[in-house]
Amino acid sequence: MTSLAKPVRPIRLYRSGLSGHAYSIELFLSLLFLPLEVIDGGLANGQQRTPEYPPKNPSGQVPAIDDSGFVLHDSNAIVAYLARTYGEGHWMPTDTASEAKIQHWLTVLGLSLDHVRTKAISKTLFDVLEPRFAACDFALGGQATVADVAAYTYVAHVPEGDIDMAPYPAIRGWLTRIETLPGFVPIQKQEQS
Ligand SMILES: N[C@@H](CCC(=O)N[C@@H](CS)C(=O)NCC(=O)O)C(=O)O
């Protein structure tokens, strides 16, 4: 069995408790059992846009990571980097079809948790996801991938936007499967002071 790489130092995660994108990185780091140092970006007061806020990010957004000097922004780029560097192969399969499907899921579900937008698109999305999760345990099949991590962040918080999950038993089953993966952590919806 191949042993997995481990970071030299804890991976710094620049995040905010208010950010779903940042939570998906926190969740994935935890699912990979990687050591983590959390730095809150103070999204509520715009701290992440100040020049002092490391690491420098042209978009002024969280999340970002610093892995022993390697700084990366954007949640999709970050999960891909973490999966390839530290994850078992199933998190980001390398065959062309799986890679393409993962890109699709990351694009469709790596969305902002904005209330109005969420309400508008959720039904359409859930009508596609329900038969998918009735047929498969996870997005691409039998094992979890980074697509599930990105999708979980979005779907798990949809009920907060007054969306009834009762008509979607297969999606609820998939949420439970994610929540029982070793290393799962729930979102902390507050900023650490
Ligand atoms: N494409 C980026 C989007 C990140 C993003 O939208 N971050 C939001 C929080 S969820 C943010 O930092 N907003 C504050 C701002 O834009 O000033 C990603 O996937 O990481």
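How many bridges join β1 to β2, and do the two strands run parallel or antiparallel? Five bridges join them, and the strands run parallel. This is a predicted model. The chain has six helices and four strands. Along the sequence they follow the pattern β-α-β-β-β-α-α-α-α-α. Of the 193 residues, 32% count as buried.

**The sheet**

- The four strands form an open sheet in the order β2-β1-β3-β4, and the pairing is mixed.
- β2 and β4 are the edge strands. Each has a single partner strand, so one side of each is left without a neighbour in the sheet.
- From one strand to the next, the twist averages 20°.
- Strands of a sheet pair through backbone hydrogen bonds, in either a parallel or an antiparallel way.
- β1 (11–15) pairs with β2 (36–40) in parallel, through five bridges. In this pair, R15 stands opposite D40 of β2.
- β1 also pairs with β3 (64–67), here antiparallel and through three bridges.
- Two residue pairs mark the match of β1 with β3. L13 has I65 as its bridge partner in β3. R12 has D66 as its bridge partner in β3.
- β3 is joined to β4 (residues 70–73) by four bridges, and these two strands run antiparallel.
- I65 also stands opposite L72 in β4.
- β1 is largely enclosed by the rest of the structure, because four of its five residues are buried.

**How α1 meets the sheet**

- β1, α1 and β2 make a β-α-β unit, and this unit is right-handed.
- α1 (20–31) packs on the sheet, where it touches β1, β2 and β3.
- The direction of α1 makes about 155° with that of β1.

**The nonpolar core**

- The largest nonpolar core holds 41 residues. Within it, F28, V79 and V146 touch the most other members.
- Eight elements give two or more residues to this core: β1, α1, β3, α2 (75–86), α3 (96–109), α4 (115–135), α5 (146–156) and α6 (169–179).
- The contribution of α5 is the greatest, at nine residues.
- Domain 1 (11–89) and domain 2 (90–179) both give residues to the core, so the core lies between them.
- Which residues does F28 touch, not counting those up to four places away in sequence? They are V79, L82, V146 and V149.
- Placed on the elements, F28 falls in α1, V79 and L82 in α2, and V146 and V149 in α5.
- Contacts also span long stretches of sequence. Among contacts between residues at least 6 apart in sequence, 72% join residues at least 24 apart.

**Turns, loops and backbone exceptions**

- β3 and β4 form a hairpin with two residues between them.
- S68 sits in the turn of that hairpin, in the loop between β3 and β4.
- The phi of S68 is positive, about 50°, although S68 is not a glycine.
- Is S68 buried or exposed? S68 counts as exposed, because it has 10 C-beta neighbours inside 10 Å, and a residue is exposed at 12 or fewer.
- F33 also has a positive phi, of about 55°, and is not a glycine. Its place is in the loop between α1 and β2.
- F33 counts as exposed, because it has 12 C-beta neighbours inside 10 Å. The cut-off for exposed is 12 or fewer.
- Where is the cis peptide bond? It joins V62 and P63, with omega about 10°.
- P63 lies in the loop between β2 and β3.

**In brief**

- The sheet has the order β2-β1-β3-β4, and α1 packs on it.
- The largest nonpolar core lies between domain 1 and domain 2, because both give residues to it.

Conventions
Residues are numbered from 1 along each chain as its sequence is written. This is a predicted model: local features need pLDDT of at least 70, side-chain atom pairs count only at pLDDT 80 or more; totals for chains, interfaces and linings use all residues. A nonpolar core is a set of buried Ala, Val, Leu, Ile, Met, Phe, Trp, Tyr and Cys residues joined through C-beta atoms within 7 Å. A residue is buried if 20 or more other C-beta atoms lie within 10 Å of its own, exposed if 12 or fewer, and partly exposed in between; C-beta atoms are placed from the backbone. Domain bounds come from an automatic or database domain assignment. Two residues are in contact if their C-beta atoms, placed from the backbone, lie within 7 Å. Two strands pair if DSSP finds at least two bridges between them. A crossover is right-handed if, with the strands pointing away from the viewer, the path from the first strand over the helix to the second runs clockwise. Axes are lines fitted to C-alpha atoms, for helices over the stretch in contact, and angles run from 0 to 180 degrees between N-to-C directions.
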